[in-house]
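Here are a few exercises to work through with the coordinates open beside you. Try each task before reading its solution.

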Amino acid sequence: MTFFRTLRSAFSSLINNKLRSFLTTLGVIIGVAAVIIMVAVSAGAEAVIAEQINSLGADLIIISASRGTPGAAKTLIYDDAVAIQNEINGVTGVASEQAPAPQTIKAGSLIFEADVLGTTVDFPSVRDAPVGDGRFFTEDEVDGARKVVVLGSGLAKDLYGDEYAIGQSLSVGTTQFTVIGIMAPKGNVGGIDYDGRVYMPITVVFQKFVTSQLASDKVKTIYAQAESKETLDNTILQIEALLARRHNVSAEQPDFTVQTQQDIISTQEATTEAFRALLAWVAGVSLLVGGIGIMNIMLVSVTERTQEIGTRQAIGATPSDIRRQFLIEALALSLIGGLIGVGAGIGGAWLFGQSGDLRTVVVPSSIVIAFGAALVVGVFFGYFPAA
């Protein structure tokens, strides 16, 4: 029997048993679709994280105290940021930050609790957080620890509604401040509500909101903006050498860490990649179940079609012809199930992304892997009944 006659016979058998064929492919359809959707969900989460990190500012260098370092409570100080600004070539801006405990904010009869961030004049440019109305504080106001604040757009709306907020007075804790600016809306980035913060000169935070003398000039993080990606590595080397010298530590065992946005993204990618692999393996179980379903149906089919097999052998079909027909049937079931599963997976991923806050990104390699796995399942689980 020729190959094409065997192929025609195999597809004729599948068409004559449409319902059985569909139910057999259902496991493969679900498995392929599940792999594509789960990987798309994971890739979407990864893309969101990368965008949030990049939204913190361009070509950013992030300097923080090393965890677990003896004496790390005062590892980074305000003068370190000043030294980076004055002594490092290739730095276009430096913003140091200190965040005390949330404070009670009172404006008129309204009282809120909000996060306070003490920072420096380059914050809007370095952190890509522009001022929407009014202005940010100046170098003189930072040096003189002036009682001025810039409000996040959401907090300003809560406190003053449609009333013009610039020039208004409010209290943060027990200290009176004057509002000089409103930040442009930025939203929630990395779990931080930028629109619900109070921004003030870092020197005021040192004076009014830091209780320990040991940490009176400590900064939580220093952000330095490099001129470009090309100068980023050289700028990092200069910063590491400067801080090691200032802290009297070796470059091999520093009491600080220096990271870039890409370092943080790479760490997140490693975590989400492991999670993605786990999801793919879980979804792959559906493919395994689908393969077992194909094998079971093919075994039943062989039993039911004993008379047909005998008749075909009587008219000249060899055992290899019979084996080939059942292999083709199993492969066809997997092929059809795989194609339908790919369509269902892409459509399901799109639907997930459109129907909620969950972002999805279809990964082409997941389509290839899922479809290829469906074909392998068909051949593997179709071989035993065919034999």
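Buried means under 20% relative accessible area, exposed means over 50%, and partly exposed lies in between. Keep in mind that this is a predicted model.

**Exercise 1. A salt bridge and its surroundings**

Task: Classify E97 and R127 as buried or exposed, and state what their salt bridge ties together.

Solution:
- Step 1. E97 has a relative accessible area of 6%, so E97 is buried.
- Step 2. R127 counts as buried because its relative accessibility is 3%.
- Step 3. The two side chains meet in a salt bridge, at 2.3 Å from N to O.
- Step 4. E97 belongs to strand β2 and R127 to the loop between α4 (123-126) and β5 (131-134), so the pair ties together parts that are 30 residues apart in sequence.

**Exercise 2. Two further salt bridges**

Task: The count comes to five salt bridges. Take the pair R135 and E141 and the pair K157 and D162, and sort each residue by its accessibility.

Solution:
- Step 1. R135 and E141 meet through their side chains at 2.8 Å, N to O.
- Step 2. R135 has 37% relative accessibility and is therefore partly exposed, while E141, at 8%, is buried.
- Step 3. For K157 and D162, the closest N and O atoms are 2.7 Å apart.
- Step 4. K157 is partly exposed at 49%, and D162 is exposed at 74%.

**Exercise 3. Following the strands**

Task: Start at S171, find the strand that holds S171, and work out which strands pair with that strand.

Solution:
- Step 1. S171 is in strand β7 and counts as buried, with 10% relative accessibility.
- Step 2. β7 (residues 169-172) pairs with β3 (residues 103-107) in the antiparallel sense, over two bridges.
- Step 3. In that pairing K106 stands opposite S171. Their C-alpha atoms are separated by 5.2 Å, although the residues are 65 apart along the chain.
- Step 4. β7 also pairs with β8 (residues 175-183), again antiparallel, over four bridges; here L170 has F177 as its bridge partner.
- Step 5. Two residues lie between the strands of the β7 and β8 hairpin, where G173 takes a positive phi near 70°.
- Step 6. Check the contacts: beyond its neighbours within four places in sequence, S171 is in contact with T104, I105, K106 and Q176.

**Exercise 4. Inside the cores**

Task: Which residues have the most contacts inside the largest nonpolar core, and which helix supplies the largest share of this core?

Solution:
- Step 1. The largest nonpolar core has 41 residues, and those with the most contacts inside it are I61, I63, I84, F123 and Y199.
- Step 2. Helix α8 (residues 232-247) gives the largest share of this core, five residues.
- Step 3. A second, separate core has 22 residues, including L151, A156, F177 and V179.
- Step 4. Look at Y199: among the residues Y199 touches are L117, F123, F136, V148 and M183.
- Step 5. Turn to I84, one of the buried residues of helix α3 (residues 78-87), along with Y78, D80, A81 and A83. The buried residues of α3 pack against several elements, including β1 (60-65), α7 (202-208) and α8.

**Exercise 5. A nonpolar patch outside**

Task: Which residues make the nonpolar surface patch of about 260 Å², and how is I30 classified?

Solution:
- Step 1. F22, L26 and I30 make the patch.
- Step 2. I30 lies in helix α2 (residues 18-54) and is partly exposed because its relative accessibility is 46%.
- Step 3. For the wider setting, 45% of the chain's 387 residues count as buried.

Technical notes: Residues are numbered from 1 along each chain as its sequence is written. This is a predicted model: local features need pLDDT of at least 70, side-chain atom pairs count only at pLDDT 80 or more; totals for chains, interfaces and linings use all residues. Side-chain values use heavy atoms; hydrogens and water are left out. A nonpolar core is a set of buried Ala, Val, Leu, Ile, Met, Phe, Trp, Tyr and Cys residues joined through side-chain atoms within 4.5 Å. Buried means under 20% relative accessible area, exposed over 50%, partly exposed in between (1.4 Å probe, protein chains only). Contact means heavy atoms within 4.5 Å. Two strands pair if DSSP finds at least two bridges between them. Patches are made of residues with over 30% relative accessible area and no salt bridge: like charges are joined within 9 Å, nonpolar side chains (Val, Leu, Ile, Met, Phe, Trp, Tyr) within 5 Å. Accessible areas come from the Shrake-Rupley method with a 1.4 Å probe; for residues, only the protein chains shown count as cover. A salt bridge is a side-chain nitrogen of Lys or Arg within 4 Å of a carboxyl oxygen of Asp or Glu.
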